[in-house]
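User: Please take a close look at the first helix of this model and how other helices pack on it. Then add what can be said about ring contacts and buried residues elsewhere.

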Amino acid sequence: KCMKIPCELVVWYVLPTIRREVARELVKAHGMTQAQVARKFGVTDAAISQYLRKKRGNNPLIEESPSYPQFENEIRAAATRICDEDSEFATEICRICTVVKSTGMLARIYEVQTGCKPPSCACDVNIIAL
């Protein structure tokens, strides 16, 4: 019986990929420095360097997903909102994570990493918050 909750897998497998992609977009497309990105993310400059050099955040299940173009579009939009200070990094992470869930990427990560059928919360973006 699988006891992993999808959010654990988000922390291990999804969040680093989101950080890597948003960092890359902020540096390459918006001209931010690694130090500026690090401050926005609440991590060290060294962590941003590792994301940019693809030493962190590699996830073939996301990168090879048929839904990857939709993920990339959301990354670009999020980076623009963060750069323009129209939104906070945390808000954008949640928005991107919703895309990961709604496209089935999180369910696939769950299946591969646990060998179990994913719970409905790995796919359902309409879970009601208390």
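Analyst: Helix axes that meet at 65 to 115 degrees count as roughly perpendicular. The model is predicted, and the values below are computed from it.

Helix α1 covers residues 6–28, and helix α3 covers residues 45–52. These two helices pack at an angle of about 90°, with their axes 9 Å apart. α1 and α3 are therefore roughly perpendicular to each other. On the α1 side the contact involves P16, R19, R20, A23, R24 and V27; on the α3 side it involves I48, Y51 and L52. By residue class, this contact of α1 with α3 has six nonpolar residues, three charged and no polar ones.

Of the α3 residues in that contact, Y51 also has a charge over its ring. R56 lies over the face of Y51, at 5.6 Å from the ring centre.

Helix α1 has a further partner in helix α7, residues 105–114. The axes of α1 and α7 come within 10 Å and cross at roughly 90°, so α1 and α7 are also roughly perpendicular to each other. Here α1 contributes P6, L9, V10, Y13 and V14, while α7 contributes L106, I109, Y110, Q113 and T114. The residues of the contact of α1 with α7 divide into eight nonpolar and two polar, with no charged residue. The contact with α3, by comparison, includes three charged residues.

Away from α1, ring contacts come next. The count of aromatic pairs is two. One of them joins F41 and F89: the ring centres are 4.0 Å apart and the planes are at 20°, so the pair is stacked, given that planes under 30 degrees apart count as such. F41 lies in helix α2 (residues 34–41) and F89 in helix α6 (residues 89–102), so the pair ties together parts that are 48 residues apart in sequence. Buried here means under 20% relative accessible area. F41 is therefore buried, at 6%, and F89 is buried as well, at 12%.

A buried residue outside the helices is S67, in the loop between α4 (60–63) and α5 (68–83). S67 has a relative accessible area of 17%, so this serine is buried. Leaving aside residues up to four places away in sequence, S67 touches T103 and M105.

Note on methods:
Residues numbered from 1 in each chain as written. Predicted model: local features only at pLDDT ≥ 70, side-chain atom pairs only at ≥ 80, totals over all residues. Heavy atoms only, no water. Axes fitted to C-alpha atoms, helices over the stretch in contact; angles between N-to-C directions. Helix = DSSP H or I, 4+ residues; strand = E, 2+ residues; numbered from the N terminus. Parallel < 35°, antiparallel > 145°, perpendicular 65-115°, else oblique. Contact = heavy atoms within 4.5 Å. Nonpolar A, V, L, I, M, F, W, Y, C, P; charged D, E, K, R; others polar. Phe/Tyr/Trp six-rings, centres within 6.5 Å; stacked < 30°, edge-to-face > 60°. Buried < 20%, exposed > 50% of the residue type's maximum accessible area, 1.4 Å probe, protein only. Lys NZ or Arg CZ within 6 Å of the ring centre and 35° of its normal.
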